[in-house]
Amino acid sequence: MKKHLRKSFIAGVCALALIGGSTLPLVQDLPMLPQFSMSASAAGSVTFDKTTGCLMLQGAITKSAVQAYANNTAVTAVVSNHAVFPADCSNMFKNFKASSFDLATSDTSKVTNMLGMFSQCTNMTKLELNTINTGNVTNMQAMFAMCNNLTSLDLKCLNTAKVTNMTGM
């Protein structure tokens with residue numbers, strides 16, 4: 001998947017360079033992980049700032065665009081700027097190496113599956129969920145599995161009325 005995204009990214013850079021008439025960057029100057037930004041309108045965007053280590057989520061994001069950054073030790077923080085999450089968020093942040101997640105402004109009203117959403121985020125110490133909408137979620141199985149460094153977690157905002165599976169949460 002990462003290889004496909006990298007090829008798509010390189011193809012996009014080449015297309016922009018050809019259209020704009022500018023020179024292409026050297027292959028060694030291209031990022032090893034995708035640093036793409038889709039249209040900020042309906043498509044949403046997932047962008048990474050390698051200077052700050054921040055992965056920014058904005059608009060209607062896709063699970064695959066987020067998962068492209070799993071196991072990336074350069075990502076130290078994940079921040080939502082009114083990101084709209086898809087219905088299936090299973091394993092969305094699994095194996096992320098970030099220590100801080102701020103999803104407080106996220107629109108999660110359509111999410112039904114949070115299975116393993118933050119599982120194996122072993123560096124995570126801070127998770128801001130205080131305003132997310134979980135009213136349609138039915139599966140929270142292993143949602144925080146192996147988040148061993150998470151020191152505190154406020155779950156007061158979670159609406160679990162429709163949840164049928166909380167095994168290993």
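This report walks through the sheet, the core, the cysteines and a few loop residues of a predicted model.

**The sheet**

Five strands make an open sheet in the order β1-β2-β3-β4-β5, with mixed pairing. β1 (45-49) and β5 stand at its edges. Each has a single partner strand, so one side of each is left without a neighbour in the sheet. On average, neighbouring strands are turned by 10° against each other, direction ignored.

The table lists three of the strand pairings.

| Strand pair | Sense | Bridges |
|---|---|---|
| β1 and β2 | antiparallel | 5 bridges |
| β2 and β3 | parallel | 6 bridges |
| β4 and β5 | parallel | 3 bridges |

β1 and β2 form a hairpin. There are 4 residues between the two strands. In the turn, Gly53 has a positive phi of about 80°.

Cys54 in β2 is the bridge partner of Asp49. Cys54 also stands opposite Ala77 in β3. Towards the other end of the strand order, Phe101 stands opposite Leu127 in β5.

**The nonpolar core**

How many residues does the largest nonpolar core have? It has 38. Those with the most contacts inside it are Leu57, Val78, Phe85, Phe93, Phe96, Phe101 and Phe118. The elements that give two or more residues to this core are β1, β2 (54-60), α2 and β3.

Phe118 shows what such a residue touches. Beyond its neighbours within four places in sequence, Phe118 contacts Phe93, Phe101 and Leu103 among others. Its partners also include Met124, Leu127 and Leu129. Met143, Phe144, Ala145 and Cys147 complete the list. Two of these partners, Phe101 and Leu127, are the residues that stand opposite each other across β4 and β5.

Phe96, another residue on the core list, has a partner from elsewhere in the sequence. Ala70 and Phe96 are 26 residues apart in sequence, yet their C-alpha atoms are 4.6 Å apart in space. Ala70 lies in the loop between α2 (63-67) and β3 (77-84). Ala70 counts as buried because its relative accessibility is 11%, below the 20% cut-off.

**Cysteines**

How many disulfides does the structure hold? The count is 0. Cys121 illustrates this. The closest cysteine sulfur to that of Cys121 is in Cys147, at 5.2 Å, which is too far for a bond. A disulfide needs the two sulfur atoms within 2.5 Å.

Is Cys121 buried or exposed? Cys121 is buried, with a relative accessible area of 0%. Cys54, the residue paired with Asp49, also counts as buried, at 17% relative accessibility. Cys147 appears again among the contacts of Phe118.

**Two asparagines**

Asn113 is found in the loop between β4 (100-102) and β5. The place of Asn139 is in the segment after β5 (126-128). The two residues are in contact with each other.

The side chain of Asn113 reaches the backbone nitrogen of Leu115 at 2.9 Å. The side chain of Asn139 reaches the backbone nitrogen of Gln141, at 2.9 Å.

Their other contacts are listed without neighbours within four places in sequence. Asn113 touches Ala87, Asp88, Cys89 and Ser90, as well as Asn139. Asn139 touches Thr112, Asn113, Met114, Leu115 and Asn165. Leu115 therefore appears twice in this part of the picture: its backbone nitrogen is reached by Asn113, and it is in contact with Asn139, which counts as buried at 16% relative accessibility.

Asn113 and Val163 are 50 residues apart in sequence and 9.3 Å apart in space, C-alpha to C-alpha.

**Positive phi after β5**

Most residues other than glycine have a negative phi. Two residues in the segment after β5 go the other way. Ala142 lies in that segment, and its phi is near 50°. Met146 lies there too, with a positive phi of about 65° although it is not a glycine.

How accessible are these residues? Ala142 is partly exposed, with a relative accessible area of 21%. Met146 is exposed, at 52%.

Key. Residues are numbered from 1 along each chain as its sequence is written. This is a predicted model: local features need pLDDT of at least 70, side-chain atom pairs count only at pLDDT 80 or more; totals for chains, interfaces and linings use all residues. Side-chain values use heavy atoms; hydrogens and water are left out. Buried means under 20% relative accessible area, exposed over 50%, partly exposed in between (1.4 Å probe, protein chains only). A polar contact is a pair of N or O atoms within 3.5 Å; within protein, one must be able to donate a hydrogen and the other to accept it, and residues adjacent in sequence count only if both atoms are side-chain atoms. Contact means heavy atoms within 4.5 Å. Two strands pair if DSSP finds at least two bridges between them. Axes are lines fitted to C-alpha atoms, for helices over the stretch in contact, and angles run from 0 to 180 degrees between N-to-C directions. A nonpolar core is a set of buried Ala, Val, Leu, Ile, Met, Phe, Trp, Tyr and Cys residues joined through side-chain atoms within 4.5 Å.
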